[in-house]
Amino acid sequence: MASAQLYQADVSHAHVLNEISADIRSLGLERTCEQLESPILVCCGEQSVGKSSFIWRLTKLEVPRDTGTCTRNPFEIRCKRALKERFVVKVRKEFDDFGNRLPDTNEYEVGDFNNRQDFTRMCGKAVDQILGGKDAFNLNCVVIEVYGPDVEPVNVVDLPGWVELKSGEDGELQAKLCQRIYEFYLGLPNALYILLHSASENVEKDAIWARLKVADPKLERTIGILTKPDLIPVGEHNEALKILIA
Ligand SMILES: Nc1nc2c(ncn2[C@@H]2O[C@H](COP(=O)(O)OP(=O)(O)OP(=O)(O)O)[C@@H](O)[C@H]2O)c(=O)[nH]1
Ligand SMILES: [Mg+2]
């Protein structure tokens, strides 16, 4: 088979797998889903390293990002090839605000639209329905389906920034919720990990590194990405290169 035909076969195979696994996942049957699902890119890293900005570059989708728009809940983005451009934004509710599992999984649609310009507003609406205006971590997920003629069948997850410790009763809850989000997504058997690190920060600070080594001890499923290269102080580019090589 010619390589172009092989590529097409792979793409349609991935589409079918994605369709079936999305349906099963929305029923809350994670274990069954894990055996079927095609790879999912899990973007992780410390707070504000540029995870959501990276996803924007990768998928051309303006997921909520920027100063003052910290990601507080996971975003699962499923891209599928189709003749016409279309976006579906959903909310999947499986947990209460304390991370306790609800008796039923409730996945419902927030918007189904063709205009890319509506995307950020619809995502904001979905986030509001999860967070209810609170600035707190939440295990419930915004599910985004993207269809279009130029779309590659990739699944990608945007996670909140890793939080190791926070003081006070609420701080402890927030750190626990954040860590549970990571536990869940780092534990997916079909995950490929993208660890983002800001070029202006020391790599030893990455507490998430230790968690990743548990999920992927030989780092066979992990890719490191150095973000914010423009912030490397003049004359310190060699240090950044060392991080990349390591
Ligand atoms: N200088 C510089 N700033 C960047 C770059 N990429 C992202 N930023 C900025 O860094 C800030 C955080 O970006 P986000 O993409 O929201 O980072 P994040 O990792 O998703 O943040 P959290 O979800 O809160 O953990 C924003 O103000 C971005 O504009 C870059 O390459 N260079
Ligand atoms: Mg973010």
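The following exercises, each with a worked solution, concern the predicted model shown above.

Residues are numbered from 1 along each chain as its sequence is written, while chains are lettered from A and ligands numbered from 1 in the order in which they are written. In this predicted model, local features need pLDDT of at least 70 and side-chain atom pairs count only at pLDDT 80 or more, whereas totals for chains, interfaces and linings use all residues.

**Exercise 1. Overall composition**

State how many helices and strands the protein has, and what share of its residues is buried.

Solution. Begin with the secondary structure: the protein has seven helices and eight strands. Helices (H or I, at least four residues) and strands (E, at least two) are DSSP runs, numbered from the N terminus. Turn next to burial, where 31% of the 246 residues count as buried. A residue is buried if 20 or more other C-beta atoms lie within 10 Å of its own, exposed if 12 or fewer, and partly exposed in between, with C-beta atoms placed from the backbone.

**Exercise 2. The surroundings of ligand 1**

Identify the residues that come nearest to ligand 1, and the element that gives the largest share of its shell.

Solution. There are 18 residues around ligand 1, of which S52, S53, C70, T71 and G161 come nearest. A residue is near a molecule if its C-beta atom, placed from the backbone, lies within 6 Å of it. The largest share of this shell, three residues, is supplied by helix 3 (residues 51-59).

**Exercise 3. The buried face of helix 3**

Determine which residues of helix 3 are buried, how they are arranged and what covers them.

Solution. First, the buried residues are K51, S52, F54 and I55. Viewed down the axis of helix 3, these buried residues fall within an arc of 155°, so they line one face of the helix. The arc is that of the directions from the helix axis to the C-beta atoms. The cover over them includes strand 1 (40-45), strand 6 (155-158), strand 7 (191-198) and strand 8 (222-227). Just after helix 3, K60 takes a positive phi of about 65°.

**Exercise 4. The two sides of helix 5**

Describe the span of helix 5 and assign its buried and exposed residues.

Solution. Helix 5 (residues 168-186) has 19 residues and reaches 27 Å from its first C-alpha to its last, close to the 27 Å expected at 1.5 Å a residue. The expected span is 1.5 Å times one less than the number of residues. Its buried residues are L177, C178, I181, Y182 and Y185. Seen down the axis of helix 5, they fall within an arc of 135°, so they line one face of the helix. On the other side of helix 5, E169, E172 and E183 are exposed. Among the elements covering the buried residues are strand 1, strand 6, strand 7 and helix 6 (208-215).

**Exercise 5. The partners of strand 2**

Establish how strand 2 is enclosed and how it pairs with strand 5 and strand 6.

Solution. Six of the seven residues of strand 2 (residues 75-81) are buried, so this strand is largely enclosed by the rest of the structure. With strand 5 (residues 141-148), strand 2 pairs in the parallel sense over seven bridges, and I77 stands opposite I144 in strand 5. With strand 6, strand 2 pairs in the antiparallel sense over four bridges, and R78 stands opposite N155. Two strands pair if DSSP finds at least two bridges between them.

Terms used. Two residues are in contact if their C-beta atoms, placed from the backbone, lie within 7 Å.
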